[in-house]
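This report introduces one protein chain to a reader who has not met it before. Please keep the sequence and the model in view while reading.

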Amino acid sequence: MIAPLLGLPSLPVADLPAYAGDRGADDLQWKTRALVRIAAGRPFVWVDDVIGDADRRWIDVDHPGAALLHQVDPAVGLTSADIGVIATWLRDVETFAR
């Protein structure tokens, strides 16, 4: 929904399961496993206001592709600095894939 408003191409978006509480017994976010499953080994960017160490460790171990887990300040939202970090990462991933 946001990409066309920003002049970006249509991008794939993860269709996540219903909210099941912030964290499970394993301390993972409710969406972590689903994001990795949907990514299916492909590079992906996860932008969220809550990304924990357990999520980062789990993705490092269980996702074979590149992943950027970018946490934003919920009081501020997505900033131009955040977009810059994401854009740089995407360029680096594209360069590495060549």
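Is Leu16 buried, exposed or partly exposed? Leu16 has a relative accessibility of 30%, and it therefore counts as partly exposed. The surroundings of Leu16 are taken up again below, after an overview of the chain.

## Model and overall layout

The structure is a predicted model. The mean pLDDT of the protein chain is 86, and 89% of the residues score at least 70. Confidence varies along the chain: among its elements, helix 1 (residues 2-5) has the lowest mean pLDDT, 73, and strand 2 (residues 67-71) has the highest, 96. Where pLDDT is low, the predicted coordinates should not be read in detail.

Four helices and two strands make up the secondary structure of the chain. Read from the N terminus, the order of the elements is α-α-β-α-β-α. The chain has 98 residues, of which 27% count as buried. Among the contacts in the chain with a separation of 6 or more, 34% are between residues 24 or more positions apart.

## The two strands and their crossover

In a regular strand the side chains alternate between the two faces of the sheet. Strand 1 shows such an alternation: Phe44, Trp46 and Asp48 point to one face and are buried, whereas Val45 and Val47 point to the other face and are not buried.

Strand 1 and strand 2 run parallel and are joined by five bridges. Within this pairing, Phe44 has Ala67 of strand 2 as its bridge partner. Between the two strands the chain passes through helix 3, and the resulting β-α-β crossover is right-handed.

## Helix 3

Which residues of helix 3 are buried? They are Ala54, Asp55 and Ile59. These residues cover an arc of only 125° around the axis, so they lie on the same side of helix 3. On the other side of helix 3, Asp53, Arg57, Asp60 and Val61 are exposed. The cover over the buried residues of helix 3 includes helix 2, strand 1 and strand 2.

The loop between helix 3 and strand 2 contains Pro64. Pro64 has a relative accessible area of 76%, and it is therefore exposed. In sequence, Pro64 is 28 residues from Val36; in space, the C-alpha atoms of the two residues are 9.4 Å apart.

## Helix 2 and the turn that follows

Helix 2 spans residues 32-39, and its buried residues are Thr32, Ala34, Leu35, Val36 and Ala39. Strand 1 (44-48) and helix 3 (53-62) are included in what covers them.

Ala40 comes just after helix 2, in the loop between helix 2 and strand 1. Most residues other than glycine have a negative phi, and most peptide bonds are trans. Ala40 has a positive phi of about 50° although it is not a glycine. With a relative accessible area of 57%, Ala40 is exposed.

## The salt bridge and the loop before helix 2

How many salt bridges does a search of the whole structure find? The search finds one. Side chains of opposite charge can pair when their charged atoms come close. In this salt bridge, the side chains of Lys31 and Asp48 meet at 2.7 Å, N to O. The pair links distant parts of the chain, since Lys31 lies in the loop between helix 1 and helix 2 and Asp48 lies in strand 1, 17 residues apart.

Are the two partners buried or exposed? Lys31 has a relative accessible area of 14% and is therefore buried. Asp48 also counts as buried, because its relative accessibility is 8%. The cut-off behind both statements is a relative accessible area under 20%.

Leu16 lies in the loop between helix 1 and helix 2. Leu16 and Lys31 are 15 residues apart in sequence, and their C-alpha atoms are 6.7 Å apart in space. Leaving aside residues up to four places away in sequence, Leu16 touches Trp30, Lys31, Ala34 and Leu35. Of these contacts, Ala34 and Leu35 belong to the buried residues of helix 2, and Lys31 is a partner in the salt bridge with Asp48.

Notes
Residues are numbered from 1 along each chain as its sequence is written. This is a predicted model: local features need pLDDT of at least 70, side-chain atom pairs count only at pLDDT 80 or more; totals for chains, interfaces and linings use all residues. Side-chain values use heavy atoms; hydrogens and water are left out. pLDDT is the predictor's confidence in each residue, from 0 to 100. Buried means under 20% relative accessible area, exposed over 50%, partly exposed in between (1.4 Å probe, protein chains only). Contact means heavy atoms within 4.5 Å. Two strands pair if DSSP finds at least two bridges between them. A crossover is right-handed if, with the strands pointing away from the viewer, the path from the first strand over the helix to the second runs clockwise. A salt bridge is a side-chain nitrogen of Lys or Arg within 4 Å of a carboxyl oxygen of Asp or Glu. The arc is that of the directions from the helix axis to the C-beta atoms.
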